[in-house]
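Got the viewer open? Here's a short walk through the model, one selection at a time.

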Amino acid sequence: MPSYSEHEPWGLGGGRVASRDLAVGVISLSQTVVGILGNFLFLYQNVTIQLRGHRLKPLDFTLRHLIFANILALLSKGPPQTVAAFGLRHFLGDPGCKLVFYVHRVAAGVSFSTTCLLSVLQAIMISPRNSTWTSLKGKAPKYVGFTLYLCWILHLLVNTFVFTYVSGKWSSTNTTKQKDVGYCSITRLDTITATLLAAFLSPPSTLSFGLMTLASGYMVFTLYRHHRQVRHIPRTNRSAGSPPETRAAQRILALVSTFLAFYMLCTIFVTYMLVFNHPSWWLINISSLMRSCFPTVSPFLLMSPDTCVSRLCSACCRRNNLVPNQVRKL
């Protein structure tokens, strides 16, 4: 139990709040506010472009789903953690805990799948005319909407297990079988159940992880090859500043690297929380803060008055002699 001094601030529940809890609350609140503002700002930028008369492209449609998933992830994780850190730990109850955990898992899963789809779409977009991906340029846009809605449906169905294993701290469930995870608790799983659940949930994540890694690697390879080809062009025939494909590669690498870094860190923290029956205060709170990092950072990596996709198209279309109509479809 944390020790409180007479100088500790009072919390929402009427008791004193430890300084470390107050620090977590402030960080969580700041993270949520910045993330929500960033996602809405990117969404406003995206909608404004459409209102100016530009047709909504599959890539823009995918980004909107990513932003919506980010907002849900932030709202289902940030406010509960902030309120709990400020001293009101039993405010959700059993139904509230189940709903909050369920929404967050669905939003995080959709964010993962949408980021994977975004990488694949960009890889298809910049593929050379003589590559095996050329046939997908005209077909891929037709299935983007169906794929996105299918991702939502699958994650809504798969994550229903949350309603069985998550409960509030004041639940009537046997407390000896419960594991404290902050403002809620989860049921301790036996080895067989945990193994079966992991085997059920791992394949989709592994597949998305592999596709995103391969698509991103292909993009980097294609852009690097293009950079080597245009390097021999005299500087007088090139525009000043960094080549557009270089700026595009940097933005793609930043987005994917950020996602992969936070995904691996979250996986490590979640694994430790599942292994230990009584996870430490630091493990619980750092894990919660880590899960909100990508939804907070991603819109700022994507926002730009001249997006990486447009730069990428303008550079690669000239080299690959792509048909303009094919590029507009993406």
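The stops below go from annotated spans to a helix pair and then to some cysteines.

Keep in mind that you're looking at a predicted model. Start by colouring the spans that an unreviewed UniProt entry labels "transmembrane region": residues 22–44, 65–86, 106–126, 146–166, 206–224 and 252–275.

Now zoom in on two of them. Select residues 65–86: this stretch is 95% helix and 0% strand, and its end C-alpha atoms sit 32 Å apart. Then jump to residues 206–224, which come out as 100% helix and 0% strand, with 27 Å between the end C-alpha atoms.

Next, show helix α1 (residues 19–51) together with helix α2 (residues 58–85). Their axes are 9 Å apart and meet at an angle of about 160 degrees. Anything over 145 degrees counts as roughly antiparallel, so that's the label for α1 and α2. Look along the pair and you'll find a left-handed crossing. The residues in this contact break down as 15 nonpolar, eleven polar and three charged.

Last stop: the cysteines. How many disulfides does the structure hold? Zero. Pick Cys151 and draw a distance to the sulfur of Cys116, its nearest cysteine sulfur: 8.3 Å. Cys151 is buried, at 15% relative accessibility.

Then go to Cys266. Why is there no bond to Cys293? The closest cysteine sulfur to that of Cys266 is the one in Cys293, and at 7.2 Å it is too far away for a bond, because a disulfide needs the two sulfur atoms within 2.5 Å. Cys266 is buried too, with a relative accessibility of 15%.

How values were computed: Residues numbered from 1 in each chain as written. Predicted model: local features only at pLDDT ≥ 70, side-chain atom pairs only at ≥ 80, totals over all residues. Heavy atoms only, no water. UniProt positions renumbered as here; feature names shortened; annotations may be inferred. Helix = DSSP H or I, 4+ residues; strand = E, 2+ residues; numbered from the N terminus. Buried < 20%, exposed > 50% of the residue type's maximum accessible area, 1.4 Å probe, protein only. Axes fitted to C-alpha atoms, helices over the stretch in contact; angles between N-to-C directions. Parallel < 35°, antiparallel > 145°, perpendicular 65-115°, else oblique. Left-handed = near helix turned anticlockwise from the far one by under 90°. Nonpolar A, V, L, I, M, F, W, Y, C, P; charged D, E, K, R; others polar.
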